[in-house]
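Got your viewer open and a selection box ready? Here is a walk through one structure, stop by stop.

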Amino acid sequence: MILPYVSNEGESAVVSHGFFYVLENFIFEFFHMKSVFIFNPETDIVLGLNKDSYTPNKHIAYFRKRLSLLPALYANAGDIIVVTGSEDNEFSFYPFFDIAEAKELRIVRLDNLKSFINDESEPIAFRPWGWNREILKRLSRNHISFTLLPSLSFIERLRILSNRRLTIDFFKKYCYDNKFQSPRYLQTIEDIDDFIDSTPSFCLKAPWSSSGRGVIFSNSLSRNKIIEWAGGILKTQGGVMGENFYPRKMDFASEWIVTDKDIEYSGLSLFKSDNNGKYCGNRLLPQHEIENIIHTNSNWSPKILNCQKDFIRTYIQPFYQGPLGFDMLVTEDGYINPCVEINIRYTMGHVAIAVERQMTNDTNPDIAHLLKEKFHDGIFSVQDYIN
């Protein structure tokens, strides 16, 4: 199988050197091939459905279309962004078109992609927001060579890895802090009843969902409604994640790029979520400032990154190469849950890190100026661009 990712021949990131290590050139290292980007934010939902066809609801369809040019924020000059469902000239009114134009990115309709790629003399790599059976079928249906795409077996392994129950393996392997109990994977209504009885404050999660969706909390619904919701998830996804609820002071994440030879640490992202765990936005700060904020407000230890990297090496790298992120939280008393979720795809944290680094990059002042104007408040939130 030829995976659509680039191997890095350099040395892997030495996370053991500690909290203040940042791989400043990770964007160049990962994207030294010409890339074809597709923003498909529904990827976790499609993995859960395990189908090669998917019709998004109106909200998701609008979100996907409106933010089609989001990859302009992390693409390199000369890369390609694939769009669907609209004429090219409509995209001049879409968010981030000015960034795409400044970087000389090419915006190509999916149904024109094959002929466009055939004219390319350079090797390319496909980089959707996340892989799933539906995006694979769409590309194949448009006659993209199988040598540029992952296999169905790769997608199935990715689907298994993307199940939230992977966090249980992390806790079994490390038991990093006894302040946090391992999540439980509940497979019957009786399991769910027992979990509710034994856990005063909890959240239940669908195994596959994204951005805080597919999550309910013990104080948000009546017991009967919770059981009804969980029963529906059991039927469609085969299980429900049960977790203790921890009041949080802060949300953050570590971002990584995995190749077949390396595990590259990209940096930390500091983000905000609402009371229901829904993602609200990232702070655009230099790494040393994010590190200082986390260090000041928690019992941070470099051991966290070491454990995460070791986990990636053992459980993920043999089956997947590409971007991923570990969501973490800081409790009100300063303890860190090192593995709230593992997102095996691009994350808004990857985007935020790329944006901040371009804002402070003197080698491309025009791009830096555009980004500073766009994010003058120091916040990156896609919600600001979907109205």
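What follows is a tour of a predicted model, going from its sheets to the helices and a few single residues.

**Stop 1: the parallel sheet**

Start by selecting β1 through β4. These 4 strands make an open sheet with parallel pairing, and the order to trace across it is β3-β2-β1-β4. At the edges you'll find β3 and β4 (124–128), each of which pairs on one side only. Direction ignored, neighbouring strands here are turned by 25° against each other on average.

Now zoom in on strand β1 (residues 34–38) and strand β2 (residues 80–83): they run parallel and are joined by 2 bridges. Put labels on V36 and I80, since V36 stands opposite I80 in β2.

**Stop 2: a loop residue**

Next, pick D111. Where does D111 sit? Look in the loop between β3 (106–109) and α5 (113–118). With a relative accessible area of 48%, D111 comes out as partly exposed, because the exposed class begins over 50%. Draw a C-alpha to C-alpha distance from D111 to L139: the two are 28 residues apart in sequence and 9.3 Å apart in space.

**Stop 3: the antiparallel sheet**

Clear the selection and bring up β9 to β14. Here 6 strands form an open sheet with antiparallel pairing, in the order β13-β12-β9-β10-β11-β14. β13 (336–343) and β14 (379–380) are the edge strands; each has a single partner strand, so one side of each has no neighbour in the sheet.

Go to the β14 end. Strand β11 (residues 279–283) pairs with β14 in the antiparallel sense over 2 bridges. Two facing pairs are worth labelling: N282 is opposite F380 in β14, and R283 is opposite I379 in β14. On to β10, which runs antiparallel to β11 and is joined to it by 3 bridges. N282 turns up here as well, as the bridge partner of F271.

**Stop 4: helices on that sheet**

Keep the sheet displayed and add two helices.

- Helix α8 (residues 166–174) packs on the sheet, where it touches β12 (322–331) and β13; the directions of α8 and β13 make an angle of about 145°.
- Helix α11 (residues 287–297) also packs on the sheet, touching β9 (248–258), β10 (263–273), β11 and β12, and its direction makes about 65° with that of β10.

While you have α8 up, click on T167, which belongs to that helix. Is T167 buried or exposed? It counts as buried, at 2% relative accessibility. Leaving aside neighbours within four places in sequence, select what T167 contacts: P183, M241, C339, V340, E341 and I342.

**Stop 5: three helix pairs**

For each of the remaining stops, keep two numbers in mind: packed helices are described by the angle between their axes and the distance between the axes.

*α8 and α12.* Stay with α8 and add helix α12 (residues 303–316). Their axes come within 11 Å and cross at roughly 120°, so the two helices are oblique to each other. The crossing is right-handed. To see the contact, show side chains for L166, D169, F170, K173 and Y174 in α8, which meet C307, Q308, D310, F311, T314, Y315 and I316 in α12. Coloured by class, that contact has 7 nonpolar, 2 polar and 3 charged residues.

*α9 and α10.* Move to helix α9 (residues 189–198) and helix α10 (residues 223–237), whose axes come within 10 Å and cross at roughly 140°. This pair is therefore oblique, and α9 passes α10 in a right-handed crossing. From α9, select I189, I192, D193, I196 and D197; they meet R223, I226, I227, A230, G231 and L234 in α10. The class breakdown is 7 nonpolar, 1 polar and 3 charged residues.

*α13 and α14.* Finish with helix α13 (residues 348–359) and helix α14 (residues 365–374). They pack at an angle of about 120° with axes 8 Å apart, so α13 and α14 are oblique to each other. Which hand does the crossing of α13 past α14 have? It's left-handed. Light up V355, Q358 and M359 in α13 against I367, A368, L371 and K372 in α14. By class, this contact has 5 nonpolar, 1 polar and 1 charged residues.

Methods:
Residues are numbered from 1 along each chain as its sequence is written. This is a predicted model: local features need pLDDT of at least 70, side-chain atom pairs count only at pLDDT 80 or more; totals for chains, interfaces and linings use all residues. Side-chain values use heavy atoms; hydrogens and water are left out. Two strands pair if DSSP finds at least two bridges between them. Contact means heavy atoms within 4.5 Å. Axes are lines fitted to C-alpha atoms, for helices over the stretch in contact, and angles run from 0 to 180 degrees between N-to-C directions. Angles under 35 degrees count as roughly parallel, over 145 as roughly antiparallel, 65 to 115 as roughly perpendicular and the rest as oblique. A crossing is left-handed if the near helix is turned anticlockwise from the far one by less than a right angle, and right-handed if clockwise. Ala, Val, Leu, Ile, Met, Phe, Trp, Tyr, Cys and Pro count as nonpolar, Asp, Glu, Lys and Arg as charged, and the others, Gly among them, as polar. Buried means under 20% relative accessible area, exposed over 50%, partly exposed in between (1.4 Å probe, protein chains only).
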